[in-house]
Amino acid sequence: MTGSTAKLELGGKTHELNVRSGTLGPDVIDIASLYASTGAFTYDPGFTSTASCESEITYIDGDAGVLLHRGYPIEQLAEHGDFLEICYLLLYGDLPTKAQKEDFDYRVTHHTMVHEQMTKFFTGFRRDAHPMAVMCGVVGALAAFYHDSIDISDPHQRMVASIRLIAKMPTIAAMAYKYHIGQPFMYPKNDLNYAANFLHMCFAVPCEDYKVNPILARAVERIFILHADHEQNASTSTVRLAGSSGTNPFACIAAGIACLWGPAHGGANEAALNMLAEIGHVDRIPEFINRAKDRSDPFRLMGFGHRVYKNYDPRAKIMQQTAHEVLGELGIKDDPLLDIAIELEKIALTDEYFIEKKLYPNVDFYSGITLKALGFPTTMFTVLFALARTVGWIAQWKEMIEDPRQKIGRPRQLYTGAAQRDYTPIAKR
Ligand code: CMC
């Protein structure tokens, strides 16, 4: 690689490729013209060396453990920001002025109800369905209820759909929870902020007053902020790929939710807590550490490791502090799962295997403990992740749609199947 070009020797010829630099992070070798000039594709399963797009939203330095949204460190946003302020920042690029913030809060707050007929849609599901299965279906169905905001070529409709998704996701998530446990749905309350309203819709019942604990609401808000966006992860890339065909944003977000559900991604918070419960006692930690190290055993320590962070996940540090605040506020002194989590973290951080492979606790390691203490069943953990990530998905989708160079995403392949052969009638096979 020299200056701003890279040279590739292929088939006896030298091909020059442009090298582009961003504001931060590694340079990229622009291979868009590679196939036309060489007839060859690049091969990178899992996209470990591939930048799939150009983006101004989020920056991660995985080696240094840095996460920036529009340039602002996550630590500062989590300490000082409120969730809707972060939503505005992700969507529009800058922190809002007081007037812009008031207007944005008003618009989101006044879109929190869902079409009344959606309550009937919920009742089509089994009550014992996983709430993520319900989320995939209901969010996809939004396009059937709000078809006045699915024309993606209209900037006004794009904005309305974005606000609707951010506003309605807590309502839908709370409805999925209430339906799961057999309680009546609670309507949103517009005098509560985003996080407090969500707690109210989840934990209030119509027959008595429920006062949201502001410390717990702040903890939930911090969880939302920590999960708001994370660059081109699997679910965000899914949203972008779905959106690249021109489909509507509700369908794109439903696709993102489906991808997030997997245990290697958003499903890890549920899996991490189930793992802590399975370990059961600090004495059994070595047994599970040994299993995680055994290459013949598929078991992995859930909540450890990250494709990008090869250092402590900065979100995990804040999440750890939030977990302690919530347990302190609720007077939970000796939570056996927290004891196991702390000991497991200690052992993993000093174990040669985890050090060598740079496997640090990720955000999901501590979010599960916090959400459990708040009263959410494990099946709801990934739903909360989806709720918070919706703004990131929408901001990334909006950025892509507004990019004049945007094309349908269409990867190619290294074909290793049979070469051309002739059909044989079944009697001759
Ligand atoms: N426990 C034990 N070994 C592990 C773990 C783990 N949690 N994670 C990775 N490794 C090992 C893995 O076996 C491999 O070893 P070897 O080189 O000997 O084959 C090496 O570390 C590299 O792993 P990889 O699977 O090639 O790395 P990846 O970048 O493809 O996977 C990951 C990243 C997050 C999927 C993986 O670390 C993992 O499965 N972690 C557990 C699930 C989890 O906590 N996911 C949440 C991610 S953070 C929230 C989010 O973004 O959604």
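Helices H5 (118-122), H7 (155-181), H11 (249-260) and H18 (381-401) are among the elements that cover the buried residues of helix H6. The model is predicted. H6 itself runs over residues 131-145. Its 15 residues reach 20 Å from first C-alpha to last, close to the 21 Å expected at 1.5 Å a residue.

How enclosed is H6? Of its 15 residues, 11 are buried, so the rest of the structure largely encloses this helix. Buried here means under 20% relative accessible area. The buried set starts at Pro-131 and Met-132. Val-134, Met-135 and Cys-136 belong to it, as do Val-138 and Val-139. Ala-141, Leu-142, Ala-143 and Phe-145 complete the list.

Now the sheet. Three strands form an open sheet in the order E1-E2-E3, with antiparallel pairing. Strands E1 (5-10) and E3 (28-29) are the edges, each pairing on one side only. Strand E2 covers residues 13-20 and pairs with E3 over two bridges, in the antiparallel sense. Val-19 stands opposite Ile-29 of E3.

Next, the ligand. It is surrounded by 21 residues. The closest are His-265, Arg-295, Leu-301, Gly-303 and Arg-307. Which parts of these residues meet the ligand's polar atoms? Arg-295 uses its side chain: one of its N or O atoms is 2.8 Å from a ligand oxygen. Leu-301 uses its backbone, with an N or O atom 2.7 Å from a ligand nitrogen. Gly-303 also places a backbone N or O atom 2.8 Å from an oxygen of the ligand. On its own, the ligand has 930 Å² of accessible area, and the protein covers 77% of that.

Methods
Residues numbered from 1 in each chain as written. Predicted model: local features only at pLDDT ≥ 70, side-chain atom pairs only at ≥ 80, totals over all residues. Heavy atoms only, no water. Helix = DSSP H or I, 4+ residues; strand = E, 2+ residues; numbered from the N terminus. Expected span 1.5 Å × (residues − 1). Buried < 20%, exposed > 50% of the residue type's maximum accessible area, 1.4 Å probe, protein only. Contact = heavy atoms within 4.5 Å. Pairing = 2+ DSSP bridges. Near = heavy atom within 4 Å. Polar contact = N/O pair within 3.5 Å; in protein donor to acceptor, adjacent residues only side chain to side chain. Areas by Shrake-Rupley, 256 points an atom, 1.4 Å probe, with all protein chains shown as cover.
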